[in-house]
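Happy to go through this one with you. Let's ask how each label is earned, one term at a time.

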Amino acid sequence: MPPDWSNVRADFPILHQNVGRHPLVYLDNGATSQKPRQVIQSLVNYYERDNSNVHRGLHALSMRATDAYEGARGRLAKFINAADPAEIIFTRGTTESINVIARSWAHAHLKPGDVVLTTEIEHHSNLVPWQQAAQASGATLKYVPLLGADGEGGLDLAALDTLLTPQVKLFAFTHMSNTLGTINPVAEFCRRAKAVGAVTVIDAAQSIGHVPLDVRAIDCDFLAFSGHKMCGPTGIGVLYGRRALLEKLAPDETGGGMVVSVTYEGATWKPAPERFEAGTPNVADAIALGVACDYLDSLGREKIAAHDTQLVNLAMEKLSALPGIRIIGPRVGQPRSGLVSFAFEGVHAHDVVTFADQDGVALRGGHHCNQPLMRKLGLTSTTRASFYLYNTPEEIDRLVASLQKIQKFFAG
Ligand code: 7TS
């Protein structure tokens, strides 16, 4: 049965539980989303009926598993409007996808004097690999600055003009910040990077599954995302790469499945995507990720985006009316993704999360793998509420009521 918006929560078994005495309010979707029963069932079906290794067997199960795995690749290509399924490489997730580019592409292309450009709002996964690549190659790492004492101004687009010089070989940036809720103009970034000949890498961890995403319209070179943030399983993700670039790239891992011919002296590589998928891949989870794409598309990604916006606007309005709360990122009324991060005057984020948990409300507290950004904002941590398609306005009321209780407790 296709999912039905009016009864969408029925698809998510995990949501129907109490935490302590309270029904669960799951507002930690920025960390990971929950899984609909369609995705869970696809994992069960695979292990009960089709489980086999792919690309090497001629028996029925292996052929079924291979067809389903390659079918999932095609499904993922369609999901982001890639020109060719060969541009979809299955990885463990965003972190691995970015590391593959940082090791393979950067290793071959960067030299002293080159510049890698990233931004001040990146998750560590889109920051540390570039630090490593710059250190190994002698290239310089530069950052597009964030504007505003609370990061409300977004990235400094005027500074981008100065920073995007012909020395920039690669520009890596997030689509949506996991801490601020900032939405970057990714197509514009790609256009401007292309004008100086820089390769573009988009971290789509927070946007995939939340908004329609079209790699050809955006015109990026690489794009990375994780399945577990888009209703899919953990341990599976995608590296999209423009085919012309992938064909010129050496693999960062070698072994079975990715070679054409091996002698005692050396080996030759298959084309992409096999070249980048050494060893037995994560077949079951890739197939279930294809089912997650079906699920999201039958609900409609535009509708999911509108739902996120409705909830985050409501949360912004209610939270900004609470005293002693400093919201970071875009101001009320400005575009933001479906999450809100805030500092609570006099209360550590870990205390906020622990107290909210006693009311059944699941939040995230900490630096959100954004330590340099936290330091820039003069913070050590924030509390974050992040929404998804199954959250409701009533759950925002539960969040606000819990925060008011915490405020009262710490004030007294
Ligand atoms: N990039 C961004 C923007 C992210 O939000 C995350 C995970 C990653 C990269 C890494 O993704 P992974 O699937 O490889 O781990 N963000 C979070 C978060 O905000 N809370 O927990 C994980």
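What follows is a set of questions and answers on the pocket, the ligand, the cavity and the backbone.

Q: How do you know which parts of the model may be used?
A: This is a predicted model, where local features need pLDDT of at least 70 and side-chain atom pairs count only at pLDDT 80 or more, while totals for chains, interfaces and linings use all residues. Residues are numbered from 1 along each chain as its sequence is written, and side-chain values use heavy atoms, with hydrogens and water left out.

Q: What makes the largest pocket a pocket and the largest cavity a cavity?
A: On a 1 Å grid over the protein atoms alone, a cavity is a set of points where a 1.4 Å probe fits but cannot get out, whereas a pocket is an open set with protein on both sides within 12 Å along at least five of seven lines. Lining residues have an atom within 4 Å of a point. Volume is the space filled by probe spheres set on the points, which are joined across faces, edges and corners. The largest pocket comes to about 320 Å³, and the largest cavity holds about 50 Å³. The cavity's lining is His55, Arg56, Gly257, Glu274, Glu277, Gly279 and Pro281.

Q: Why is the largest pocket said to lie between domain 1 and domain 2?
A: Both domain 1 (5–30 + 300–411) and domain 2 (41–297) give residues to its lining, so the pocket lies between them. The domain bounds come from an automatic or database domain assignment. The lining has 25 residues, with Thr95, His123, Ser125, Ala205 and Lys229 nearest the centre of the pocket.

Q: What makes a residue one of the 16 that surround the ligand?
A: One of its heavy atoms must lie within 4 Å of the molecule. The closest of the 16 are Thr95, Asp203, Ser226, Arg364 and Arg384.

Q: How do you know that Arg364 has a polar contact with the ligand?
A: A polar contact is a pair of N or O atoms within 3.5 Å; within protein, one must be able to donate a hydrogen and the other to accept it, and residues adjacent in sequence count only if both atoms are side-chain atoms. A polar side-chain atom of Arg364 is 2.4 Å from a ligand nitrogen atom, so the pair meets the distance cut-off. Asp203 likewise places a polar side-chain atom 2.5 Å from a nitrogen atom of the ligand.

Q: What is notable about the backbone at Pro273?
A: The peptide bond from Ala272 to Pro273 is cis, with omega near 5°. Most peptide bonds are trans.
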